[in-house]
Each structure stands twice: as structure tokens, then as C-alpha cells.
Amino acid sequence: MIVAVAVGVLAPAAGAADESARAPVLDWDTGAGKNYWIPALEIRGFIFGLNQFNRHFISPQEDYETDLESIWRNLRTVPIYDKDPFSVNQIGHPYQGGIYYGLARSAGLDYWQGLLYTIGGSLLWETVGETTPPSINDHISTSIGGSFVGEAMFRMASLLLEGGGETPGFWRELGAALISPPTGFNRLVFGERFTAIFPSRDPEIFIRLRLGATLTTDVTAQGLPDTAKR
């Protein structure tokens with residue numbers, strides 16, 4: 001996912017980075033320096049990069065071989081309810097929406113504005129990113145679920161950066177980028193323009209790290225019937 005962000009957005013973002021010195025620096029308290037155009041372009045670039053990656057490396061590849069015909073067909077198709085695996089609908093799509101949301105949030109936009117960008121990203125992906133019909137449950141998990149996942153990622157990354165003072169060190173920057181790739185990407189590409197850290201106002205924090213493992217290789221029914229009533 002991080003590679004897709006870099007490949008899809010690096011070219012247009014690099015040009016914008018040259019202008020970052022003249023652009024106003026983001027101020028979270030006043031909203032000065034926030035930008036609406038940068039995340040819009042980044043989301044388009046990310047969708048293009050993700051489509052190209054899936055088209056060449058993910059099976060079935062024909063699901064991503066979009067063209068003008070498939071786009072026009074999806075524009076005229078009423079969204080359906082798909083039955084993709086749990087990992088796709090409830091993990092993949094919310095995380096993908098979290099990328100859209102994080103690109104908007106780390107550019108200085110608030111939650112509701114970020115949600116609008118996430119909805120727009122979902123509509124764009126379902127229309128031009130796949131040849132399959134648009135899915136109503138994908139829209140919900142990508143947009144609403146994506147905003148929840150993206151906000152959590154953004155806040156955790158911000159807390160990690162904030163703990164390093166005004167100039168977080170390399171490991172904090174790396175950790176924040178792993179937690180929230182869009183945040184790390186915008187901080188890297190646009191430099192000082194988006195390096196202002198979202199203020200947490202010294203919240204109470206509870207951290208728990210849990211690891212789990214299982215040694216069970218076989219599961220038996222213990223005499224229970226193997227049929228289920230619908």
C-alpha cells in the first residue's frame with residue numbers, strides 16, 4: 001500500500017513540493033495553510049497506482065482492467081451487495097478508505113472534510129478502479145469505516161510525533177509513517193508545509209500490547225452436528 005502511494009502520487013507531489021517554501025505553513029489552531037487540492041490529486045494518484053498494481057499482480061486481473069466501456073457501464077449501474085471475503089470487505093476496504101482520509105486529514109482538513117474526500121475516493125474507485133459493478137457495502141466500509149480507521153491512524157501517528165517535541169527524530173518519523181502512511185508521505189514530500197503536528201491537548205492515554213499464538217492444528221466437532229439451520 002505504501003509503494004502504491006509513492007508510485008501513484010510522487011510525480012505530481014514533487015512539483016508541489018517545489019512551491020512548499022512559498023506556501024503558508026499549516027497551523028492546526030487557525031486552519032491557515034490547509035489545502036483542498038493536494039489531497040484531491042493524491043487520492044486520484046493513489047487510485048491510479050493501486051489499479052495498476054492490482055491489474056498486473058492481483059488475481060483475477062480482469063477485475064482491474066478498466067477502460068472507458070467499463071467506466072461508462074459502472075456509471076449506469078445501480079450499486080449491488082457483493083459477497084467478497086471478510087478480509088476484503090471489512091479489512092481491505094476500511095484500510096483503503098483510511099488512506100483517502102489520511103491524505104486529507106494530514107493536509108490540514110478536519111474530520112467531516114476528510115469524510116467527504118473518503119466518500120469521493122470510494123465513488124471514484126468503484127467507478128474507475130474496478131470492472132465489477134459498484135458495491136453498496138463497499139461504499140459503506142470504505143467511506144464510513146475508512147474515516148474511523150483513518151482518524152485512529154492519524155491520531156496515533158500524531159501522538160507518536162508529538163512525543164518527540166518540535167523536531168521528532170528519525171525513529172518517530174518512521175513509526176508515524178508505518179502507523180499512518182498518508183501522514184508520513186505528506187510530511188516527507190511537502191516538508192515544512194505539513195510538518196505541524198496535530199495537537200493532542202495532553203489527553204489521558206492507555207496503551208496495551210498483546211501477543212497471541214495457538215498450537216492447535218486440528219479442530220474437532222466434539223460430536224456436534226455439522227449442519228446448520230438457516
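This is a short chat about aromatic pairs and salt bridges in a predicted model.

User: Hi! What should I know about the model before I start?
Analyst: Because it is predicted, local features need pLDDT of at least 70 and side-chain atom pairs count only at pLDDT 80 or more, while totals for chains, interfaces and linings use all residues. Residues are numbered from 1 along each chain as its sequence is written, and side-chain values use heavy atoms, leaving out hydrogens and water.

User: Cool. How many aromatic pairs are there in the whole structure?
Analyst: The search finds 10. Rings of Phe, Tyr and Trp (its six-membered ring) pair if their centres lie within 6.5 Å; planes under 30 degrees apart are stacked, over 60 edge-to-face, and the rest tilted.

User: What kind of pair do Trp-28 and Phe-154 form?
Analyst: A tilted one, with 5.7 Å centre to centre and 55 degrees between the planes. Trp-28 and Phe-154 are 126 residues apart, and Phe-198 joins them in one aromatic cluster.

User: Are those two buried or exposed?
Analyst: Both Trp-28 and Phe-154 are buried. Buried means under 20% relative accessible area, exposed over 50%, and partly exposed in between (1.4 Å probe, protein chains only).

User: New topic: how many salt bridges are there?
Analyst: Four, where a side-chain nitrogen of Lys or Arg must be within 4 Å of a carboxyl oxygen of Asp or Glu. One of them joins Asp-29 and Arg-201 at 2.5 Å, N to O.

User: How exposed is Asp-29?
Analyst: Asp-29 has 57% relative accessibility, so it counts as exposed. Arg-201 is exposed too, with 60%.

Technical notes:
Helices (H or I, at least four residues) and strands (E, at least two) are DSSP runs, numbered from the N terminus.
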